[in-house]
Amino acid sequence: MVVVGGGPAGMAAAISAARQGASVTLLERYAYLGGLAAGGMVLVLDDFADGATEITVRGIAQEMVERLHALGLAVYPPSDDRILSDEMWRRWSRWGLFDLYAKGPRKSIVYAVAFDPDGWKRVSNDLVEEAGIDVRLHSWYSAPIMEGDTIVGVICETKTGPQAILADVVIDASGDADVAASTGAPFVEGSYMVTTVFRLGNVDTEAAEHFEHSQPAECHAVNRQARRILGGSWAMWWLKTPLPGVVWCNCPHMTGYDGLSVEDLTAADREGRRRIAGLVEFAREHYPGFERAVVIDVAPQIGVRQSRLIEGEYVVTKDDVMSRAHFTDSVARGRGYYTPYRALLPQHVEQLLVAGRHYSVTPEAQKLSREIPPCMSMGEAAGTAAVEALDSGIAVRKVDVAAVQRRLRRHGADPGDIPSPRARPAATSSAAGSAAASTSAAAS
Ligand SMILES: Cc1cc2nc3c(=O)[nH]c(=O)nc-3n(C[C@H](O)[C@H](O)[C@H](O)COP(=O)(O)OP(=O)(O)OC[C@H]3O[C@@H](n4cnc5c(N)ncnc54)[C@H](O)[C@@H]3O)c2cc1C
């Protein structure tokens, strides 16, 4: 089996498949594993939990957290702190570990995780090595090898020329649906703001937090100006990280750039760096705690949140996400919402699965369901489904979804096959002809 893309979804797919006995090659264009969680320096794991109580994403995502935590490279609030209170807000808000979707100035603290990007690369290496995966970095997927409608391998570009790797199943975890699009599978081109994430060092976070709490009006004014210089950012433009004195800046927000265009990505990278330089100059002068701040790094991988989205056997909608529609073929979860197996199955091409931020979802719904833990949950499901298909000698499109769900549960993941009390059954039946569709239609 070949997995294209070593980001959160691809790693989870490769690890789950290899642990269940498959021979797996994992291809990654860059020099490290982790995708946006490592090279993109996206440093908070959101969508792990439904409100303050139920942890909804388990499995490999949770294992990753435990390993990072054991190294002192992940921070999360203990269960007693996961409440809505002024005290907890004060303690945890500058870590970014709150309910993103809650309304109001004070939000509930939830199970979310701040982590270190180099730690993520290190733990990823350990996990893939232990699973016996053939990892090939510096390998850029360029074309499918097809036999009729079936993908039977991939070509990737390397320093020594193109290489062909044959596979009985291919999982596209490129984030941009590079594989699916090149096979002719239908997709839509979504778009969303892009970001050159960066980190600052030499920050006295205690002084900065003291300023925030002791002079809220002044701090608000400084933050407003900082966000103006950035040209768009979330309300909290800086957050603490597990490294003392190092803060994570998930900004600036830059719109109008196409995440697939060389020209746009080049221009966005330059624009981002210009805005960061302006911000640092301002913060040093006006923000207590930032007097000696320096840029440690701008993420090597520009932050593309959305590009191609496949149009698979079922397209998840915003209403599905918001209403927590449950599907009988649910195989993955985010904060409470469910992902049906059909949303990992592209149309018109056989033996190809997708997992991650380019899954089959409308552009609006993807903005609400693209966080790292649910992408890992999808990856784990895709890897597991591929093994179930291979072990049963059937096509991935015809796989017995109930057997995939059982396997996932056996391996500690929560496929969402048992709806939580808040879930609303979905009235869906778009995937005529597939085993997954027939199980799902029963949910309606
Ligand atoms: C700026 C920003 C802020 C975000 N904030 C948060 C947040 O706070 N919390 C949260 O949980 N999520 C956040 N997200 C969302 C989250 O980071 C992504 O949706 C998630 O990482 C997607 O995982 P993925 O594995 O699907 O894709 P990616 O992380 O994009 O990984 C895809 C992998 O495939 C590789 N690849 C791509 N094309 C090829 C090719 N042709 N050949 C070989 N390899 C290839 C890439 O190099 C990469 O390693 C944010 C995203 C961005 C951009």
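Two strands pair if DSSP finds at least two bridges between them. The exercises below use this rule on a predicted model.

**Exercise 1.** Which strand pairs with S3, and in which sense? Which residue in S7 stands opposite Val 44?

Solution. Step 1: apply the cut-off of at least two bridges. Two bridges connect S3 with strand S7 (residues 113-115), and the sense is antiparallel. Step 2: look for the partner of Val 44, which is Ala 114 in S7.

**Exercise 2.** Give the strand order of the open sheet that contains S3, and state which strands stand at its edges.

Solution. Step 1: the sheet has three strands in the order S3-S7-S6, with antiparallel pairing. Step 2: S3 and strand S6 (74-75) each have a single partner strand, so they stand at the edges and one side of each lacks a neighbour in the sheet. As background, strands of a sheet pair through backbone hydrogen bonds.

**Exercise 3.** Describe the hairpin of S22 and S23.

Solution. Step 1: strand S22 (residues 330-333) and strand S23 (residues 338-340) run antiparallel and are joined by three bridges. Step 2: Ala 332 has Thr 339 in S23 as its bridge partner. Step 3: four residues lie between the strands, and Gly 336 takes a positive phi near 80°.

**Exercise 4.** Is Arg 370 buried or exposed? Which residues does Arg 370 touch?

Solution. Step 1: locate Arg 370 in the loop between helix H10 (363-367) and helix H11 (372-392). Step 2: a residue is buried if 20 or more other C-beta atoms lie within 10 Å of its own. Arg 370 has 23 other C-beta atoms within 10 Å, so Arg 370 is buried. Step 3: leaving out residues up to four places away in sequence, Arg 370 touches Arg 305, Gln 306, Arg 357 and Cys 375. Step 4: for Gln 306, the separation from Arg 370 is 64 residues in sequence and 8.7 Å in space, C-alpha to C-alpha.

**Exercise 5.** Where does the shell around the ligand lie with respect to domain 1 and domain 2, and what is the shell made of by class?

Solution. Step 1: domain 1 (2-48 + 122-191 + 307-443) and domain 2 (193-304) both give residues to the shell, so it lies between them. Step 2: the shell has 17 nonpolar, twelve polar and ten charged residues. Step 3: of the 39 residues around the ligand, Gly 5, Gly 7, Gly 35, Gly 303 and Gly 356 come nearest. Step 4: elements that supply at least two residues each include strand S9 (140-147) and strand S19 (303-304), while the largest share, three residues, comes from H1.

Terms used. Residues numbered from 1 in each chain as written. Predicted model: local features only at pLDDT ≥ 70, side-chain atom pairs only at ≥ 80, totals over all residues. Buried ≥ 20, exposed ≤ 12 C-beta atoms within 10 Å, placed from the backbone. Contact = placed C-beta atoms within 7 Å. Near = placed C-beta within 6 Å. Nonpolar A, V, L, I, M, F, W, Y, C, P; charged D, E, K, R; others polar. Domains from an automatic or database assignment.
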